[in-house]
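Student: I am new to this structure and would like to know how the descriptions of it are justified. Could we go through them one at a time?

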Amino acid sequence: MNIHPKSHDAYKLLHDGILALGRAEQQGIRVDMDYVTLKKEQLVRKIARFEEEFKKTTFYKHWVHSRGGKVNINSGSQLRHFLYDVKKIEPAKLTTTGEGSTDEEALDSLNIPELKFFSERSRFKKAMDVLEGFEREQVNNYVHPFFNLHTARTFRSSSDHPNFQNIPKRDEEIMQICRKALFPRPGHQLMEVDYSSLEVRIAACYHKDPTMLKYINNPASDMHADMAKQIFMLDKFDKSVHEVLRQAAKNGFVFPEFYGDYYKNCASNMACKWGELPQGTWKAGQGIKIGDIPLADHMISKGIRSLSMFENHLKKIEEDFWGNRFPDYADWKDRWWTVYKKYGYVDLLTGFRCSGVMSKNDVINYPVQGAAFHCLMWSFNEKDRLINKYGLNTRIVGQIHDAIVLDVDPKELNRVIRVIRRVTCEDLPKAWPWIIVPLDVAIELCPVDKSWAEKEKFVLE
DNA sequence: AAACCGGGCCAC
DNA sequence: AAACGTGGCCCGGTTT
């Protein structure tokens with residue numbers, strides 16, 4: 001892995017970047033330590049309650065008995081041994097080294113109700129870890145997350161102490177607990193600017209697939225809804241009614257396929273993890289409603305009567321996906337792999353070079369992931385330069401791969417939004433002509449003096 | 001006691 | 001060919 005020897009721009013991007021990121025690190029994000037102290041006390045009690053309930057179960061008592069009285073509730077290997085060696089349950093899922101898995105999904109499919117206390121405990125334990133991280137790293141009520149440009153194989157960034165790039169978001173309750181700790185400076189407001197579907201758009205700059213370019217250029221079109229229609233065999237697709245199916249198609253098929261997954265994994269994952277599909281058994285009456293009909297009945301009526309039939313169905317859809325829908329994208333993947341095998345490296349559109357031992361999936365993913373982040377980095381640098389040039393009180397405080405987080409002076413709000421839209425969506429494509437797709441950002445804003453949990457969509461009037 | 005590793009889980 | 005890409009952190013368990 002190295003930088004393309006001819007690319008001065010690539011050096012400059014990182015040199016400017018490390019300075020701009022350093023200023024964000026120095027700025028920091030305010031932590032409400034009174035809240036952290038109070039919330040930690042509540043969490044200690046909450047975690048203890050789940051633990052007590054769990055310890056009352058016969059499942060736990062058997063576990064303790066099997067070990068002669070000593071169980072560590074945090075020990076996955078002890079749980080694994082008890083489930084798969086002592087009780088001789090067939091693991092629903094294996095780890096990479098072939099052991100029985102004890103992750104939430106695996107435990108769920110064992111249908112052991114007592115384990116619910118265990119998984120609930122884990123959720124709040126996670127929140128506890130995040131708050132303890134903030135507490136440990138704060139100095140005078142500010143955390144200063146580090147942003148590294150020298151650690152990721154893809155030329156992305158990483159963050160640590162504390163990691164600003166993996167604070168819980170999707171589990172609403174856990175998100176609230178964690179993000180209620182983070183505040184702007186007094187009198188200011190936090191703002192997040194996200195590039196919309198950045199990796200998909202940057203991938204299109206490499207492969208230039210006409211169908212994908214059409215999807216990107218036409219905001220009324222919807223690739224994931226189209227795939228949901230095809231996968232679930234629906235003639236018409238009402239997005240508001242079928243949002244669950246759209247998400248299932250997006251997260252269970254389209255993105256995994258882009259990353260290099262294939263139909264077999266997609267089929268079994270979709271059947272149990274996404275879209276509330278029936279658990280592989282395809283029993284009539286199961287699943288969400290399509291009109292008045294449960295999804296399972298709908299699929300059965302279309303001739304998909306079992307998981308293996310669904311697998312075969314997805315196999316055909318995959319062939320159509322790469323063979324007919326995005327053939328130029330598929331060609332690009334093959335070409336890229338051929339180039340790597342011949343020369344031993346692939347070059348990013350941003351002047352960097354990935355070399356070393358890579359799989360085919362690596363070869364198609366690294367350049368996209370890296371170049372997408374570099375778009376963010378360029379915008380970050382330019383925004384930082386303008387804040388300094390104009391002498392604003394607003395500060396950039398962090399970055400999450402395709403998003404910038406700012407601590408905004410409300411008096412400067414309109415100006416900041418204007419500048420950031422111009423920099424991210426207009427100036428960047430002018431600076432980098434290889435960007436042949438429109439870029440778009442979504443802005444979220446917290447009220448003045450409110451925490452990061454209070455983010456709301458900001459709509460330009 | 002430190003170093004290392006696998007597994008799990010959070011983010012994009 | 002290969003079979004989901006990139007990170008960081010916590011934890012238990014083992015090796016050094």
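Student: Why are H14 and H15 called roughly perpendicular to each other?

Tutor: In this predicted model, helix H14 (residues 307-325) and helix H15 (residues 327-343) pack at an angle of about 90°. Angles from 65 to 115 degrees count as roughly perpendicular, and therefore H14 and H15 are described that way. Their axes are 5 Å apart.

Student: Which residues in H14 meet which residues in H15?

Tutor: Trp322, Gly323, Asn324 and Arg325 in H14 meet Pro327, Tyr329, Ala330 and Lys333 in H15. By class, the residues of this contact are four nonpolar, two polar and two charged.

Student: What makes the pair formed by arginine 170 and DNA strand B a polar contact?

Tutor: A polar contact is a pair of N or O atoms within 3.5 Å. A polar side-chain atom of arginine 170 lies 2.6 Å from a phosphate oxygen of DNA strand B, so the pair meets that cut-off. Arg170 is also among the residues that come nearest to the strand, together with Thr97, Thr102, Asp103 and Lys169.

Student: How do you know that lysine 126 and glutamate 104 qualify as well?

Tutor: For lysine 126, a polar side-chain atom lies 3.4 Å from a sugar or linking oxygen of DNA strand B. For glutamate 104, a polar backbone atom is 3.3 Å from a phosphate oxygen of the strand. Both values fall within 3.5 Å, so both pairs count.

Student: What classes of residue make up the surface near DNA strand B?

Tutor: That surface has three nonpolar, eight polar and nine charged residues. On the DNA side, sugar and phosphate account for 89% of the strand B atoms that come within 4 Å of the protein.

Methods. Residues are numbered from 1 along each chain as its sequence is written. Chains are lettered from A and ligands numbered from 1 in the order in which they are written. This is a predicted model: local features need pLDDT of at least 70, side-chain atom pairs count only at pLDDT 80 or more; totals for chains, interfaces and linings use all residues. Side-chain values use heavy atoms; hydrogens and water are left out. Axes are lines fitted to C-alpha atoms, for helices over the stretch in contact, and angles run from 0 to 180 degrees between N-to-C directions. Helices (H or I, at least four residues) and strands (E, at least two) are DSSP runs, numbered from the N terminus. Angles under 35 degrees count as roughly parallel, over 145 as roughly antiparallel, 65 to 115 as roughly perpendicular and the rest as oblique. Contact means heavy atoms within 4.5 Å. Ala, Val, Leu, Ile, Met, Phe, Trp, Tyr, Cys and Pro count as nonpolar, Asp, Glu, Lys and Arg as charged, and the others, Gly among them, as polar. A residue is near a molecule or strand if one of its heavy atoms lies within 4 Å of it. A polar contact is a pair of N or O atoms within 3.5 Å; within protein, one must be able to donate a hydrogen and the other to accept it, and residues adjacent in sequence count only if both atoms are side-chain atoms.
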